[in-house]
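Reader: Got a minute to walk me through this one? I'd like the basics before I go back to the bench.

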Amino acid sequence: MLTKRIIPCLDVDKGRVVKGKKFTNIQDVADPVELAQRYNEAGADELVFYDITASNEDRDIFVDVVEQVAAEIAIPFTVGGGIRTVEDIHSVLRAGADKVSINSAAVQQPGLIEEAAKKFGKQCIVLSIDAKQTEDGRWAVYIHGGRKQTALNAVDWAKQGEALGAGELVLNAINTDGEKNGYDLDLMHAVAQAVNIPIVASGGAGKMEHFSQVLQPTYADAALAASVFHYGEIPIPALKAYLATQGITVRPIPH
Amino acid sequence: MISIIDYGAGNTKSLQFALNKMGVDSHITTDKTIIEKSNAIILPGVGAFQDAMHALDTQNLTSFIKQEAATGKPLLGICLGMQLFYESSEEDGETKGFGFLTGKVKKIPNDVKVPHMGWNNLHKYRNSSLCKQITDEAFVYFVHSYAATDVDTNTLVASTAYGMRIPAIVQQNNIIGMQFHPEKSGATGLQLLANFKEMIA
């Protein structure tokens, strides 16, 4: 049986994993390769590396990190952040990434998803959507790290992304992100009803119960989190043991 | 030495890294003299069926790989690489494959989410040296939208379930297919690659 996936997200700045950009006091957390290895041993099903650097020079450091990670760990990982062109996608895939996550560039240039899916296969193109609930109960799509609102509705954009060739969606709820009060279940549900590709829930994990809620059949296929894993608040082996008791199928921790 | 056939874009680096870990020398190549000298050939798996066959045809590799396979050289197809071993695929319109194995590649029915993405368990059909030290129901990482159908059950080593029975490991003499990514399937995947290595003369 296909299992639900647990995915730690690592923000990388100048070759180091740092605390997420939503959090203040950005500080050095760990070496990406070491942390990736630790998560691999703990039973993480996949990893996401997010490049939060801005300059091109630092981008080369990031691609080196991707290659080092691919050399060391034998589980799949997605790379995102600053992906703008087919060449950007090619360079991280060539370095050993399995999937590439595209956010702002897809909104500005939807043809990028289509072109990339044709060239590299749908399975490696992930559409990442930052969504914020509006007063009328819908979800507006934001770009540029949640700073700029667009005219797009998240459910419609998810459907369009699927039609363009995205093989997976990451739904990051801006309202719940960093609050540790649980994932935005309504957003996951609304999008899950509209598409037939896997959904990764992001934003809001604080307790183990939040994972079991969002991994119910009508919501998400995978749950992504950062700080609860980086700071050891929720150890992955304990989380997986808990999910199993809640009737959620997870991959056992490798021996 | 193993030749990893380079037929376009995608993550072939991870496969090479996995082989490195086992001390196996490999080349990502389309060079026939290198392929001919190698002890085994791997067709990796990223991209679309039609593009992949087209890329192989353009470089005159289709008939060359067939000749190599006829000598009994172990040939491992991973994900799309395995699909290419069948008679045909319906991806992007009917396209002919190598035809090493009986069966047709079809889209996974839409009553489950497509692509089939994530860790799923292997049900063993028969004992094979390929499954040495692999526990029953071991988990491996799948990511694909198409799968082999109408296969010869004698070739089935292991399958998985996702909306249908999906052939996961198949073998017919020196022709071996893995629908999942062994290079991304943790310790289980590395063991499967090590078992493949054992077959190489």
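Author: Sure, we can go through the fold, the surface and the chain contacts. One thing up front: this is a predicted model.

Reader: Noted. How many helices and strands in chain A?

Author: Chain A has 10 helices and 12 strands.

Reader: What radius of gyration does chain A have, and what would a compact globule have?

Author: Chain A comes out at 17 Å. A compact globule of 255 residues would be near 18 Å, so the two agree.

Reader: And the box around it?

Author: Roughly 45 × 45 × 40 Å along the principal axes, for the C-alpha atoms of chain A.

Reader: What share of chain A is buried?

Author: 60% of the 255 residues.

Reader: Contacts within the chain?

Author: Take contacts in chain A between residues at least 6 apart in sequence. Of these, 64% join residues at least 24 apart.

Reader: Switching to the surface. How much does chain A expose?

Author: About 10200 Å², with carbon and sulfur atoms supplying 48% of that.

Reader: Charges?

Author: Chain A carries 24 positive and 33 negative charges. Their mean positions lie 3 Å apart.

Reader: Now chain B. How many residues touch?

Author: 38 residues of chain A contact 30 residues of chain B.

Reader: What area gets buried between chain A and chain B?

Author: About 2700 Å², and carbon and sulfur atoms give 56% of it.

Reader: Which three residues supply the most on the chain A side?

Author: Leu2(A), Ala74(A) and Asn196(A). Together they supply 23% of the area chain A buries against chain B, more than any other three residues.

Conventions. Residues numbered from 1 in each chain as written. Chains lettered and ligands numbered in written order. Predicted model: local features only at pLDDT ≥ 70, side-chain atom pairs only at ≥ 80, totals over all residues. Heavy atoms only, no water. Helix = DSSP H or I, 4+ residues; strand = E, 2+ residues; numbered from the N terminus. Rg over C-alpha atoms; globule rule 2.2 N^0.38 Å. Buried < 20%, exposed > 50% of the residue type's maximum accessible area, 1.4 Å probe, protein only. Contact = heavy atoms within 4.5 Å. Areas by Shrake-Rupley, 256 points an atom, 1.4 Å probe, with all protein chains shown as cover. Lys, Arg positive; Asp, Glu negative; His and termini not counted. Charge placed at Lys NZ, Arg CZ, Asp CG, Glu CD. Buried area = accessible area lost by both parts, 1.4 Å probe.
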